[in-house]
Amino acid sequence: MREDESGFEITQQQGGWVIRMWWPVGPITGGPQRMTVEPAEGAEPRDVVRGISTTVLRRLDLAAAVNLAKKAPKAQETLEDVTRSLDASGEAAGRLLAAEGVSERYLAMLAATYAAMAESGAPAPVPWLARLIERRPETIKDHLKKARRDGYLGTVAGKAGGEVTDKTRAALKSMASAES
């Protein structure tokens with residue numbers, strides 16, 4: 001594995017080919033964002049002349065590469081930072097709910113936290129939010145539905161989570177300026 005400030009690169013060799021897989025800095029939540037396949041140094045010319053075969057690609061151990069990337073020190077540090085930030089945001093949403101009920105400010109914080117959790121690749125953001133807010137997952141699902149209906153959380157077709165809306169950004173900005 002090779003690591004620098006931009007991301008992580010993991011290399012595998014399959015026959016006469018070298019496959020390089022690259023992930024950007026941040027939590028590793030899936031496969032690489034870029035892959036290159038090149039002839040290996042000293043590869044047999046007859047293997048290279050025929051080109052990359054589907055056999056070479058099928059033998060690629062993507063699961064092992066993902067697991068290795070997740071163990072990179074910068075990936076671990078970034079994941080811990082993201083988790084701390086999301087925990088703090090979820091707890092803040094819980095404090096808003098306790099103080100104001102299902103208010104606009106709460107829905108904005110909930111929507112932003114949920115979208116960030118989904119974007120980070122969290123496998124189960126609703127139970128995580130429920131634990132932080134100290135409510136049942138069903139209650140959080142109802143609040144998220146209300147956030148969508150009220151325009152705080154948009155949908156992204158074919159993707160879990162959602163999109164933070166301009167309404168949410170404005171509510172969060174007013175909350176931040178009120179605290180200053």
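**Exercise 1. In which loop does Thr165 lie, and what surrounds it there?**

Solution. The structure is a predicted model, in which local features need pLDDT of at least 70, side-chain atom pairs count only at pLDDT 80 or more, and totals for chains, interfaces and linings use all residues. Residues are numbered from 1 along each chain as its sequence is written, and side-chain values use heavy atoms, with hydrogens and water left out.

Step 1. Thr165 sits in the loop between β6 (163–164) and α8. Helices (H or I, at least four residues) and strands (E, at least two) are DSSP runs, numbered from the N terminus.

Step 2. Thr165 counts as buried because its relative accessibility is 19%. The cut-offs are under 20% relative accessible area for buried and over 50% for exposed, with partly exposed in between (1.4 Å probe, protein chains only).

Step 3. With neighbours within four places in sequence left aside, Thr165 is in contact with Gly151, Tyr152, Leu153 and Gly154. Contact means heavy atoms within 4.5 Å.

Step 4. A polar atom of the Thr165 side chain lies 3.4 Å from the backbone oxygen of Tyr152.

**Exercise 2. Describe how strand β3 is paired, and state whether β3 is buried or exposed.**

Solution. Step 1. Strand β2 (residues 7–14) is joined to β3 by 8 bridges, and the two run antiparallel. Two strands pair if DSSP finds at least two bridges between them.

Step 2. Bridge partners in this pair include Gln12 with Ile19 of β3 and Gln14 with Trp17 of β3. The hairpin has 2 residues between the strands, and Gly15 takes a positive phi near 60° there.

Step 3. On another pairing, 6 bridges join β3 to strand β4 (residues 34–39), again antiparallel. Here Arg20 has Thr36 of β4 as its bridge partner.

Step 4. Strand β3 (residues 17–24) has 6 of its 8 residues buried, so the rest of the structure largely encloses it. Strand β2 also has 6 of 8 residues buried, and it is therefore largely enclosed as well.

Step 5. Glu9, a residue of β2, is buried with a relative accessible area of 15%. Not counting residues up to four places away in sequence, Glu9 touches Met1, Arg2, Arg20, Met21 and Trp22.

**Exercise 3. Identify the residues that touch the most other members of the largest nonpolar core, and the elements that build this core.**

Solution. Step 1. A nonpolar core is a set of buried Ala, Val, Leu, Ile, Met, Phe, Trp, Tyr and Cys residues joined through side-chain atoms within 4.5 Å. The largest one has 28 residues, and Tyr106, Ile133 and Ile140 touch the most other members.

Step 2. Two or more residues each come from α4 (73–100), α5 (104–119), α6 (125–133), α7 (137–149) and α8 (166–179). The largest share, 9 residues, is that of α5.

Step 3. Another core, of 12 residues, lies apart from this one; Trp17, Val56, Leu60 and Ala65 are among its members.

Step 4. For Ile133, neighbours within four places in sequence aside, the contacts are Gly90, Ala93, Gly94, Leu97, Tyr106, Leu110 and Ile140.

**Exercise 4. Characterise the packing of α5 against α7.**

Solution. Step 1. Two packed helices are described by the angle between their axes and the distance between the axes. For α5 and α7 the angle is about 105°, and the axes are 10 Å apart. Axes are lines fitted to C-alpha atoms, for helices over the stretch in contact, and angles run from 0 to 180 degrees between N-to-C directions.

Step 2. Helix α5 is therefore roughly perpendicular to α7, a class that covers 65 to 115 degrees; under 35 counts as roughly parallel, over 145 as roughly antiparallel and the rest as oblique.

Step 3. Helix α5 contributes Tyr106, Leu107, Leu110, Ala111 and Tyr114 to the contact, while α7 contributes Ile140, His143, Leu144, Lys146, Ala147 and Arg148.

**Exercise 5. Work out how far α6 is enclosed, and place Pro125 within this picture.**

Solution. Step 1. Helix α6 has 7 of its 9 residues buried, so it is largely enclosed by the rest of the structure. These are Pro125, Val126, Trp128, Leu129, Ala130, Leu132 and Ile133.

Step 2. Pro125 belongs to α6 and counts as buried at 12% relative accessibility. Its contacts, neighbours within four places in sequence aside, are Tyr114 and Met117.

Step 3. Pro125 and Pro137 are 12 residues apart along the chain, with 9.6 Å between their C-alpha atoms.

Step 4. After α6 comes Glu134, with a positive phi near 65°.

Key:
A polar contact is a pair of N or O atoms within 3.5 Å; within protein, one must be able to donate a hydrogen and the other to accept it, and residues adjacent in sequence count only if both atoms are side-chain atoms.
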